[in-house]
Amino acid sequence: MSVRVDDEKSETVPREPGWLRRLMRGPRAVIVPSLVGTACTVIGLLDVAAGVFPRFRHSRMHAVAEVLPGAVSPLAAAASIVVGLILLLLAHGLKRHKRRAWGAAVALLPLGAAAQLLYRHSVGGVLLSLLLMAFLVRHRREFAALPDPRSRWKALGNFVVLGGVSVALGLVIVNTHPGRIIGHPSLLSRLEHVLWGLFGFEGPIGYRGTVGDTVGYSLGALGLLTVATTAYLAFRPEHPAARLTADDEDRLRGLLAKHGARDSLGHFALRRDKGAVFSPSGKAAVCYRVVSGVMLASGDPIGDVEAWPGAIERFMEEARAHSWTPAVMGCSETGGEVWTRETGLDALEVGDEAIVDVADFTMSGRAMRNVRQMVKRIERNGYTTQVRRADEIGPEEMARIRRASDAWRGTDTERGFSMALGRIGDAADGDAVIATAHRSDADAPAGTAAPGGAQSPASAVAGPYGDLHAVLHFVPWGADGMSLELMRRDRAADPGMNELLIVASLQAAPRLGVQRVSLNFAMFRSALARGERLGAGPVLRGWRGLLVFLSRWFQIESLYKFNAKFQPRWEPRFVVFRNTRDLPRIGFAAMQAEGFLTLALPRLLGRGRTPKARRPCAHAGPVRVAEVERIA
């Protein structure tokens, strides 16, 4: 097949499909690291078991471990645990083609061979160690994945600090039982005993009774802690910080100005905690974030469709260079076709996006009766709405909107990634649309309850955010559309504030030049819709029942019903992935990116820490769970 090359000459050259390019690379790139990683895993488990279980060191299985690379003498149980743990950590890095893990393994194997020759006189173990090292050197090109640039310094700092603490505590442990020490060792001898003990070996100091075992295992545990934490920081998957520079943002805005109408999620590429890779001509880009070793893109590529293959190729090259797992969340059907054709990846439908065509929206008819009655009731209670461009709002009012949005978030962590911008009222986003609901106490009808439940006298003082009670934030979708990014409301306000503001926004859309509005993303909408139809089979009904059960935590069904109130058309969205076994890892990374899972210190340990301030972004992508009211 042939496609246009995205350069100035626009030449047509042959280009192999993605599946053919992957086949041409051959299976060796996958088999070699997997084989070496599996071998290190087995050896590491044997070493850990030999150190933890005393009987194992004298069993028949230990006779096998005696000739395996990295197996250690049974006289150093703590050292066996440490080496086993290092091999387990190296196994993960080797399977992911990590260059640093390869270097550590090549350096470790000769040391292991020397140890076997000196302590066990095992010629077979020495030969196997050297053969495995030669095998790694022979296939060194398979281990070229770049490391995390941050982990090198964190690992070094951890080793220096924790190593110093371990030595200091080791001296305390050695001197804790002065009456049991044999002889009168000097300070240098005590320090030497600590250093040998941290590596799991016996030192020059002798003890009476079982105190020596206690001191030895204590020192070995300190050494194990130092080595384990340092190795984790050195070989953990990359999780780099935000890399969207000012120049990248300017280039993306230029692409959106020309091609932003193609994808309703395009403007969310301007999140500043994402990175961006551009096609060689600069006519297209893919924005992404790396979470737990998954290179997670969102939506379709930005820019000219004919330049998408170049940006996608750069994305895949970046993933291969760091051994990240490539994945795409929430791409359209067109985007999914391009991704699968160019890369050989697979795609799976995960939900639908609700889109309302402004020209077809009406409040009349039986289908809109519930929304119509809810809106009229709220308006009778004295609420008014304003729908404006962000640059029409003054700085003081915008600051109040930001404060209210932060206070009404409802969750400890900000949610959203694929359908969230991460800020509101930024000077660069003046074309965004903000809808607000207001009610002063003086506007409340006599005898109605003010927010909070008390009667509302006319003389009551306004709340901390004035008369503001709800906020909706829309980002541009090309020149004639907008995409809902944030929904916030005062929890003490009347129910139905989100419905009120969505209706107000749709009614104000013609004045703003907006012809189409993207609402929420409904996960597994088609399964829910088909499963409740007459004649649905047992599989569909069972799948729908599981989704309804999960809605107790993720509100999958309630969000679908909330979107359906406005009679939208549904556009399918897809997840693109490399193979089926990657889906759990991709799902875990996506939940982290969207804010549903947070890996942090326990509350007691992190109590004194102040979280970083973040701008509100409440699309709660892929679903704005916290902001959507539960359907009765």
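**A chat about a predicted model**

Colleague: Hi! Let's start with α18: which of its residues are buried?

Modeller: In α18, the buried ones are Ile 556, Glu 557, Ser 558, Leu 559, Tyr 560, Phe 562 and Asn 563. Please keep in mind that this is a predicted model.

Colleague: Thanks. Why is α18 described as largely enclosed?

Modeller: The helix spans residues 556-564, and seven of its nine residues are buried, so the rest of the structure largely encloses it.

Colleague: Let's zoom out. How many helices and strands does the protein have?

Modeller: The protein has 19 helices and 14 strands. Of its 632 residues, 50% are buried.

Colleague: And what share of the contacts links residues 24 or more positions apart?

Modeller: Taking contacts with a separation of 6 or more, residues 24 or more positions apart account for 77%.

Colleague: What about the outside, how much area does the protein expose?

Modeller: About 30,400 Å² is exposed, and 60% of that comes from carbon and sulfur atoms.

Colleague: Is there a nonpolar patch you could point me to, and which residues form it?

Modeller: Yes, there is one on the surface made of Leu 156, Phe 159, Val 160, Val 161, Val 165 and Leu 169. Together they have about 550 Å² of accessible area.

Colleague: Let me pick Val 165. Where does it lie?

Modeller: Val 165 is part of helix α7, which covers residues 149-174. Its relative accessible area is 40%, so Val 165 counts as partly exposed, a class that runs between 20% and 50%.

Colleague: New topic: cysteines. How many disulfides turn up?

Modeller: Zero, after a search of the whole structure.

Colleague: And Cys 287 and Cys 331, are they buried or exposed?

Modeller: Cys 287 is buried, at a relative accessible area of 5%. Cys 331 is buried too, with 0% relative accessibility.

Colleague: One more residue caught my eye, Asp 429. Where is it found?

Modeller: Asp 429 sits in the loop that runs between α14 (395-407) and β10 (433-438).

Colleague: It's in a loop, then. Why does Asp 429 count as buried or exposed, whichever it is?

Modeller: Asp 429 counts as buried because its relative accessibility is 2%, and buried means under 20%.

Colleague: What does its side chain join up with?

Modeller: The side chain of Asp 429 makes a polar contact of 3.0 Å with the side chain of Arg 253.

Colleague: Which residues is Asp 429 in contact with, leaving aside neighbours within four places in sequence?

Modeller: Those contacts of Asp 429 are with Arg 253, His 267, Ala 390, Leu 421 and Arg 423.

Colleague: Great, thank you!

Terms used. Residues numbered from 1 in each chain as written. Predicted model: local features only at pLDDT ≥ 70, side-chain atom pairs only at ≥ 80, totals over all residues. Heavy atoms only, no water. Helix = DSSP H or I, 4+ residues; strand = E, 2+ residues; numbered from the N terminus. Buried < 20%, exposed > 50% of the residue type's maximum accessible area, 1.4 Å probe, protein only. Contact = heavy atoms within 4.5 Å. Areas by Shrake-Rupley, 256 points an atom, 1.4 Å probe, with all protein chains shown as cover. Disulfide = S-S within 2.5 Å. Polar contact = N/O pair within 3.5 Å; in protein donor to acceptor, adjacent residues only side chain to side chain. Patch = residues over 30% accessible without salt bridge, like charges linked within 9 Å, V, L, I, M, F, W, Y side chains within 5 Å. Salt bridge = Lys/Arg side-chain N within 4 Å of Asp/Glu carboxyl O.
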